[in-house]
Structures are given as structure tokens and as C-alpha cells.
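Biologist: I have the sequence and the model open and would like to go through them with you. Shall we take it one question at a time?

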Amino acid sequence: MNTKKANTAYPIHPLMEERWSPRAFARGIILDSEIHSLMEAARWAPSSMNEQPWRFIVSKNPSKSFINMLDTLMDTNKIWAKESMALIVVLARTTFQRDGSVNKHAFHDTGFAVGQICLQATSMGFHTHQLGGIYYDTIKEVFSVPKDEEVVCIIAVGKLGNPDILSEDLQKREVSTRQRKPIEDFYTFLKE
């Protein structure tokens with residue numbers, strides 16, 4: 001199996017080195033208790049005013065709800081995500097519960113919770129892949145998403161599979177070396 005460990009310029013936690021977003025998933029079962037652990041990791045993410053604006057709708061493969069969720073993915077993602085063990089719809093509540101005002105940090109905080117899900121999954125031997133190639137309006141309709149919640153993405157969760165199950169183009173992407181911008185491209189260190 002290709003673990004695609006990050007080649008970092010400076011030391012980081014091994015979970016961050018090991019986390020990547022595969023498309024080749026192996027069929028299998030994820031336990032309810034394992035899903036609960038992913039949600040517990042999200043629960044403890046920091047958030048503005050402790051609002052915790054995230055909400056997750058989880059469906060395990062195989063189930064009718066999994067098929068319904070799979071049908072909200074664009075075909076290019078549906079092809080490989082169907083092998084994942086679970087799909088998670090990620091929602092962000094864009095208003096504060098206490099007074100209904102706009103929460104400008106909702107997406108930031110929800111992203112932090114998703115990051116914790118990804119690291120927790122990695123620590124448990126799972127992999128995650130966040131999908132933006134989805135039908136946002138369909139998700140809102142199918143899952144009766146309230147007006148003050150926005151669809152952020154869907155996360156596929158599973159164990160690494162054999163890249164040979166993917167199309168030739170996706171196989172190349174699956175086994176290629178992970179690339180990132182050099183740290184100097186986004187980092188300014190003010191020393192005085």
C-alpha cells in the first residue's frame with residue numbers, strides 16, 4: 001500500500017505526515033464506535049464563542065442512506081467514493097444560536113472540526129478524502145438542511161485500497177508524490 005508520507009522541510013507530528021486523501025478505498029466495515037470517535041474528535045475542535053457551528057450527517061456503506069448520499073456526488077467522485085466505508089455530509093451553521101447574528105467564523109471553525117476528524121481517522125488507520133465535487137442544492141433538499149446551514153463538503157472515510165481499481169488517470173494521481181508549495185510562498189516571519 002502506498003502511504004504517501006509527506007516529505008516535510010521541518011518536523012511535524014507523524015499523523016500530519018501520514019494524512020493524505022486517497023481515492024482507492026478497500027471494501028470493509030467501519031464500526032459505529034469508530035464513527036463516534038471521529039465525531040468526538042470534531043466535538044473538541046475550537047470555535048468562536050464556543051458556538052460549535054458544525055453538523056455532520058453520517059452514513060455507512062452499505063445502506064440506503066449511503067446510496068442516497070452517494071447520489072449527491074458528481075460522477076467523477078461517485079466512481080471511487082462508492083468503495084468508501086462511510087460518507088459524511090459536513091454542514092456549517094452560519095448564524096449564532098444566541099442571537100441569530102452572522103457567524104463570520106462558521107466555515108473556519110467547521111474546517112477545524114473536519115481537520116480533527118481527518119487526524120483522528122489517520123490515528124485509527126483510516127483515510128479521509130474531502131469532496132467539493134458534489135451537488136450542494138441536492139444535498140440541501142435530500143437531507144432537509146435548514147436555511148441557516150451551508151453545505152461545506154462530503155468526506156469519504158475508509159481503508160486504503162488497491163490503486164488498480166481506479167482509472168489510469170486516477171491511478172497516476174494516487175501513486176504520485178505528494179506536492180505542496182514551499183513554506184516561503186505563504187509564510188512571513190516578522191522578527192522585529
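**Pockets and salt bridges**

Biologist: By class, how many residues in the lining of the second largest pocket are charged?

Modeller: A pocket is an open set of 1 Å grid points where a 1.4 Å probe fits, with protein on both sides within 12 Å along at least five of seven lines, and lining residues have an atom within 4 Å of a point. In the second largest pocket, that lining includes 1 nonpolar and 5 polar residues. The charged class (Asp, Glu, Lys and Arg) has 7 residues.

Biologist: What kind of model are we looking at?

Modeller: Residues are numbered from 1 along each chain, and side-chain values use heavy atoms, without hydrogens or water. Local features need pLDDT of at least 70 and side-chain atom pairs 80 or more, while totals for chains, interfaces and linings use all residues, as this is a predicted model.

Biologist: Which residues are closest to the centre of the second largest pocket?

Modeller: This pocket has a volume of about 210 Å³. It is lined by 13 residues. Closest to the centre are Lys4, Trp20, Ser21, Arg178 and Arg180.

Biologist: And what is the volume of the largest pocket?

Modeller: Its lining has 18 residues, with Ala6, Asn7, Thr8, Ile12 and Arg180 nearest the centre. They divide by class into 9 nonpolar, 4 polar and 5 charged. The space in this pocket comes to about 600 Å³.

Biologist: Turning to charges, how many salt bridges are there in the whole structure?

Modeller: A salt bridge is a side-chain nitrogen of Lys or Arg within 4 Å of a carboxyl oxygen of Asp or Glu. A search of the whole structure for such pairs gives a total of 10.

Biologist: With which residue does glutamate 40 form a salt bridge?

Modeller: The two partners sit 3 residues apart in helix H2 (residues 32–43), so about one helical turn separates them. Glutamate 40 has 36% relative accessibility and its partner 44%, and both count as partly exposed (between 20% and 50%; buried is under 20%, exposed over 50%, with a 1.4 Å probe). The closest N and O atoms are 2.7 Å apart, and the partner is arginine 43.

Biologist: How far apart are the closest N and O atoms of glutamate 149 and arginine 55?

Modeller: Glutamate 149 and arginine 55 form a salt bridge. Glutamate 149 lies in strand S5 (residues 149–160) and arginine 55 in strand S2 (residues 54–60), so the pair ties together parts that are 94 residues apart in sequence. Glutamate 149 is buried at 8% relative accessible area, whereas arginine 55 is partly exposed at 31%. Their closest N and O atoms are separated by 2.8 Å.

Biologist: Which residue does glutamate 150 meet in a salt bridge?

Modeller: The N to O distance is 3.4 Å. Glutamate 150 is in strand S5 and its partner in helix H6 (residues 136–142), 10 residues apart; helices (at least four residues) and strands (at least two) are DSSP runs. Glutamate 150 is partly exposed at 28% relative accessibility, and its partner also has a relative accessible area of 28%. That partner is lysine 140.

Biologist: Which residues are joined into one network by salt bridges that share partners?

Modeller: Here the bridges go beyond a single pair, with shared partners linking them. The network joins Asp71, Asp75 and Lys78.

Definitions and conventions. Grid points are joined across faces, edges and corners, and a volume is the space filled by probe spheres set on the points.
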